[in-house]
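Here are a few exercises on helix packing and the nonpolar core. Keep the viewer open and try each task before reading its solution.

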Amino acid sequence: MAEKTLLTPADCTVVLVDEQAGLAFAAGSADRQSLRSNAVALARTAVAFEIPTVVSTSASKVYSGPLMPPLRAVLPNVTPIERRTMNLWEDDAAKAAVVATGRKTLVVAGLLTEACVSFPVLAALADGYAVHVVADACGGLTPASHDAALRRMEQAGAVMTSWLQFLLEMQRDWTRHDTYEAARSIVVDHGGGYGIGLDYARDMIKP
């Protein structure tokens, strides 16, 4: 069922799943540098708008490595929850951390789309959660398998979004001064031509 209203920072929890270098090496659905940049932009958005964030990792000692350094820098106070299951929703500690936020809307991104993203999304939907998937901060093995996983989640009721759409949905109004500079800086650093344009506009307005 479609959302009746836009999300606000008070509605949701951000869930980052397996944003680890070992899995990024396997991601072939998009440019890896862009995937990492998009994940960092999403994490920075969560911090800027004080949105609870749950981070989970898997096989960090034997294959995947720890949470990627740029994300550790953005989320220094968030301890990743290590799990064995592919499905975060089947790990007691990880699921409990999500439930403990008290939020019934999840904003999910991670690696790889085919399993460690899609499995908890499908399970959370079955448990009555609303789920938004940040598609451009998710990476799959191939473009085809990534797209198939996104379609399966969408068919089950997940809402597809992007990190930029989510940030703008949180900000909503550029006259909201308490989050303006943080939101603007995220767009400047991660928003490509849009970010370049914001810097250019500031230079032109304040030469």
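**Exercise 1: two helices side by side**

Helix 2 and helix 7 are roughly parallel to each other, in what is a predicted model. Work out which angle and axis distance lie behind that description, and which residues make the contact.

*Solution.* Start with the geometry: the two axes cross at roughly 15° and come within 9 Å. Angles under 35 degrees count as roughly parallel, so the label follows. The hand of the crossing of helix 2 and helix 7 is left-handed. Next, list the partners: helix 2 brings N38, A41, L42 and T45, which meet W163, F166, L167 and M170 of helix 7. Finally, sort the residues of this contact by class: 6 are nonpolar, 2 are polar and none is charged.

**Exercise 2: the surroundings of helix 7**

Find the buried residues of helix 7 and the elements they pack against.

*Solution.* Helix 7 covers residues 163-171, and its buried residues are W163, F166, L167, E169, M170 and Q171. Now look outward from them: they pack against strand 1 (12-17), helix 2 (32-48), strand 4 (105-110), strand 5 (130-134), strand 6 (159-161) and helix 8 (177-190). Then step past the end of the helix, where R172 follows with a positive phi, near 65°.

**Exercise 3: F166 and the core**

Which residues does F166 contact, leaving aside its neighbours within four places in sequence? Place F166 in its nonpolar core as well.

*Solution.* With those neighbours set aside, the contacts of F166 are L7, C12, V14, L42, T45, I51, V107 and T161. Zooming out, the largest nonpolar core has 53 residues, and F166 is listed with L16, L42 and V121 as having the most contacts inside it. Helix 5 (residues 113-126) supplies the largest share of this core, 7 residues. Another core, of 7 residues, lies apart from it and includes L23, A27, L111 and L112. As background, nonpolar side chains tend to be buried together in soluble globular proteins.

**Exercise 4: a second helix pair**

Describe how helix 8 packs with helix 9 (residues 192-205).

*Solution.* First the angle: about 125°, with the axes 6 Å apart. Helix 8 and helix 9 are therefore oblique to each other. Helix 8 passes helix 9 in a left-handed crossing. For the contact, pick out Y180, E181, R184, V187, V188 and H190 on helix 8; they meet G192, Y194, G195, L198, D199 and R202 on helix 9. Sorting the contact by class gives 5 nonpolar, 3 polar and 4 charged residues.

Terms used: Residues are numbered from 1 along each chain as its sequence is written. This is a predicted model: local features need pLDDT of at least 70, side-chain atom pairs count only at pLDDT 80 or more; totals for chains, interfaces and linings use all residues. Side-chain values use heavy atoms; hydrogens and water are left out. Buried means under 20% relative accessible area, exposed over 50%, partly exposed in between (1.4 Å probe, protein chains only). Helices (H or I, at least four residues) and strands (E, at least two) are DSSP runs, numbered from the N terminus. Contact means heavy atoms within 4.5 Å. Axes are lines fitted to C-alpha atoms, for helices over the stretch in contact, and angles run from 0 to 180 degrees between N-to-C directions. Angles under 35 degrees count as roughly parallel, over 145 as roughly antiparallel, 65 to 115 as roughly perpendicular and the rest as oblique. A crossing is left-handed if the near helix is turned anticlockwise from the far one by less than a right angle, and right-handed if clockwise. Ala, Val, Leu, Ile, Met, Phe, Trp, Tyr, Cys and Pro count as nonpolar, Asp, Glu, Lys and Arg as charged, and the others, Gly among them, as polar. A nonpolar core is a set of buried Ala, Val, Leu, Ile, Met, Phe, Trp, Tyr and Cys residues joined through side-chain atoms within 4.5 Å.
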